[in-house]
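Take a walk through this model, one region at a time. Keep the structure open beside the text.

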Amino acid sequence: MAPLETQHREVVIIGAGPSGAIAGALLKRQGHDVLIVERQRFPRFSIGESLLSHCLDFIEEAGMLEAVRAAGFQTKHGAAFGWGERYTEFDFRDKFTAGHGSTYQVQRADFDKLLADQAELQGVEIRYEEEVTAVDFSGAQPWLQIRRADGSEYRVDAAFVLDASGYGRVLPQLLDLEAPSGFPVRRAIFTHIEDRIDDPRFDREKILITTHPELRDVWYWTIPFSNGRCSLGVVASAERYEGRPVNLDACLREFVQEAPNLRRILANAEWDTPARLIGGYSANVKSLHGPGFALLGNAAEFLDPVFSSGVTIAMRSAHMAAAVLHRQLSGEPVDWEREFAAPLKRGVDTFRTYVEGWYDCSFQDVIYYEHAQPEIRRMISSILAGYAWDEKNPYVAEPKRRLRVLAELCSAGADA
C-alpha cells in the first residue's frame, strides 16, 4: 500500500461549530496557521439555540460581533420561568457582572454557518465533509488520518490539535478518554414550530423555561426566533415517558397540554416539523488535555440543557485554549492543567451546582421566590447570563453553600 499523502499544519481543529470557529479565528488573528476539519457540510441542524450573554464577549473578541448583529437573529434580554400560575423573569441587562447583557436566540444551522464563514473570511481554512479516522499523539508531533467525502485519505502532522467536535467527541473516543457524567440519564423531545403566539404576556426577547405543574423534574423550553418560529422541547427522565405515546410528536403534544401556560401560549401553533429525540447527552472525560491536544466544549463535557450553558462553555473553552496555545506556540512554557483545565472546570462546576439544584428543586425554590432581594437577583442573573467564572460574585465563589442557605431562606419564607 502506498504511503498516505502527508501535510504539515501548525494547528488542526476538529469541528467547525462555535468553539472550533471561535478558536480558529482567535488563533489566526494571532498569526497562526489553522486548519479546521469538519465531518458535515454546513448549514446543518444543531440543537441549542438560546445563547447566553457571555457568548458575545467571545464573538466580539473573534471579530465576528458585527456580522452576528447584522444577521437578524432574535434579540434576547433574559430568561423567564413559569410554573403553574407562577411567573418570574430575569433581565440579563440587570446583573452583577460587567459584560454584555443582551444576546440572541438563533437557529443554529444559520448561526454556526455564519461563525464558520467569518472564520474563513479571516483566513482560517475549513475542509467540510472530512472525517478524522485515526490519531497518534505518541511521537514528537501529533498526526491525524483524515478521510475525504470521496473515500480517499491523507495524513496531517500538526504542532497541536484542538477537538471541537461537540457530540461527535472524536478524541475522547479515539483516545479512550470517555468518563461517566454523574448526571442521571434524561431524554429531550423537541421540534421547531410556527408558533403564532399572540398572547401579550409572552416576551419574545426571553427564553421561557416552564416547570411541569406536578412533576418538578420535568421542564420545557420555548425559544422564539425572529421569523415567527420557535424551538420547543421537553426534558424528563426515562420513567416520566412511561405510559405515554411512542410517537414523538404525540408525546411532546401530550406534555405541552399538561402545562397550562404552554397550552395557552401555543394554542394557535402549527406543528409542521417532526419531533426528534436525544437522550443520554450528559458526558464527561478523564482529562481535558494531553500531550499535543486539548478538548473544547461538548467534546469534553456536557451538563444539561436547562440553562443553555453548552455554547457558552464551548466558547469559553475556545477562548482559554487559544490563549494558552498561542503562548505555547510562541515558545513560552505553559501549564495546561493550571491555565486551562482547572479554571475552566471552576465555571463548569458552578453551572453544575445550579443544574443539580434545579432538579432537586432547591434552585427552583429560589427562582420562583417572590420576595428575593434585588442584589441577590442580580447575582443570580449574572450566572443565568453565563458569567459563571466571575468569582467576585458570591454565588460563583461559593455556589453550593450560598445556594443551600438561600434555598433554606426561601423555603422559610424569609427575605432572601
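Start with the broad span. The C-alpha atoms at the ends of residues 10-332 are 16 Å apart. Helix makes up 25% of this span and strand 30%. The UniProt record, an unreviewed entry, gives these residues the feature "domain: FAD-binding". Bear in mind that the model is predicted.

Now go to strand β9, residues 143-147. Is this strand mostly covered or uncovered? It is mostly covered, with four of its five residues buried. β9 has a partner in strand β8, residues 131-136, and the two pair antiparallel over five bridges. Within this pairing, Val 132 has Ile 146 of β9 as its bridge partner. Six residues separate β8 from β9, and the two strands form a hairpin.

β9 also pairs with strand β10, residues 153-163. Again the strands run antiparallel, joined by five bridges. Here Trp 143 stands opposite Asp 157 of β10. This pair is a hairpin too, with five residues between the strands. In its turn sits Gly 151, with a positive phi of about 95°.

Next, find strands β4 (residues 78-83) and β5 (residues 86-91). They pair in the antiparallel sense, over six bridges. Phe 81 faces Thr 88 in β5 across the pairing. Two residues lie between β4 and β5 in this hairpin. Gly 84, in the turn, has a positive phi of about 60°.

From these strands, move to helix α11, residues 374-384. Its buried residues are Ile 376, Met 379, Ile 380, Ser 381, Ser 382, Ile 383 and Leu 384. What do they pack against? Both β4 and β5 are among their contacts. So are the helices α9 (336-359), α10 (362-367), α12 (394-397) and α13 (399-412). After α11 comes Gly 386, with a positive phi near 105°.

Finish at a pocket. The second largest pocket has a volume of about 250 Å³. It is lined by 16 residues, and those closest to its centre are Tyr 87, Arg 201, Asn 261, Arg 264 and Ile 265. Which elements give two or more residues to this lining? They are β4, β5, β13 (206-211) and α7 (260-265). In the lining, seven residues are charged, six nonpolar and three polar. The hairpin strands β4 and β5 thus appear twice on this walk: they meet the buried residues of α11, and they contribute to the lining of the second largest pocket.

Terms used
Residues numbered from 1 in each chain as written. Predicted model: local features only at pLDDT ≥ 70, side-chain atom pairs only at ≥ 80, totals over all residues. Heavy atoms only, no water. Buried < 20%, exposed > 50% of the residue type's maximum accessible area, 1.4 Å probe, protein only. Pairing = 2+ DSSP bridges. UniProt positions renumbered as here; feature names shortened; annotations may be inferred. Contact = heavy atoms within 4.5 Å. 1 Å grid on protein atoms, 1.4 Å probe; cavity = no way out; pocket = protein on both sides within 12 Å on 5 of 7 lines; lining within 4 Å. Points joined across faces, edges and corners; volume = space filled by probe spheres on them. Nonpolar A, V, L, I, M, F, W, Y, C, P; charged D, E, K, R; others polar.
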